[in-house]
Amino acid sequence: MLSGLIAGHLQKRWAQDEPSDKCFDHDDLTMARLLAFIDGSANDPDKREVRTHLLQCPRCRFIFAKMRAVTVDNPRGSGSPIGGCPRRH
Ligand SMILES: [Zn+2]
């Protein structure tokens with residue numbers, strides 16, 4: 001897929017750089033902020049900061065897309081295995 005190639009290219013570009021102190025893979029705190037942003041529980045200043053950083057940083061746009069895909073596929077609180085069918089008896 002073309003989008004996969006682009007993502008791979010982007011990843012190669014930023015993978016050589018160190019994350020800035022605002023990057024979501026910089027530490028657990030910024031990652032927690034991103035996760036809160038995705039599930040809608042972040043407060044307004046944090047939301048603004050995440051959004052601003054996403055606009056500036058291809059690395060974090062990539063991380064954001066990945067994390068959102070994981071979160072959407074596997075919502076919090078459902079104990080079911082990924083890809084498993086709901087069992088009804
Ligand atoms: Zn970043």
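**Figure 1. Overall fold of the predicted model.** The protein contains four helices and zero strands, in a model that is predicted. Along the sequence, the elements follow the pattern α-α-α-α. The protein has 89 residues, of which 11% count as buried. Where contacts join residues at least 6 apart in sequence, 46% of them link residues at least 24 apart.

**Figure 2. The largest nonpolar core.** Seven residues make up the largest nonpolar core: F24, L34, F37, V50, C60, F62 and I63. Two or more of these residues are given by each of the elements α2 (28-39) and α4 (58-73). Helix α4 supplies the largest share, three residues. As a general tendency, nonpolar side chains in soluble globular proteins are buried together.

**Figure 3. Surroundings of F37.** F37 is one of the residues of the largest nonpolar core and is buried in α2. When neighbours within four places in sequence are left aside, F37 is in contact with A42, D46, K47 and V50. Of these partners, V50 is also listed among the residues of the largest nonpolar core.

**Figure 4. Helix α2 and its two sides.** Helix α2 has twelve residues, and the distance from its first C-alpha to its last is 16 Å, close to the 16 Å expected at 1.5 Å a residue. T30, L34 and F37 are buried in this helix. These three residues lie on the same side of α2 because they cover an arc of only 60 degrees around the axis. On the other side of α2, D28 and L29 are exposed. L34 and F37 also belong to the largest nonpolar core.

**Figure 5. The residue that follows α2.** G40 follows helix α2. The phi angle of G40 is positive, near 85 degrees. Helix α2 itself spans residues 28-39.

**Figure 6. V72 in helix α4.** V72 is located in helix α4, the element that gives three residues to the largest nonpolar core. V72 counts as exposed because it has 10 C-beta neighbours inside 10 Å, and a residue with 12 or fewer such neighbours is classed as exposed. The C-alpha atoms of V72 and I38 are 9.2 Å apart in space, although the two residues are 34 residues apart in sequence. I38 falls within the range 28-39 of α2, and V72 within the range 58-73 of α4.

Methods
Residues numbered from 1 in each chain as written. Predicted model: local features only at pLDDT ≥ 70, side-chain atom pairs only at ≥ 80, totals over all residues. Core = buried A, V, L, I, M, F, W, Y, C linked by C-beta atoms within 7 Å. Buried ≥ 20, exposed ≤ 12 C-beta atoms within 10 Å, placed from the backbone. Contact = placed C-beta atoms within 7 Å. Expected span 1.5 Å × (residues − 1). Arc of directions from axis to C-beta.
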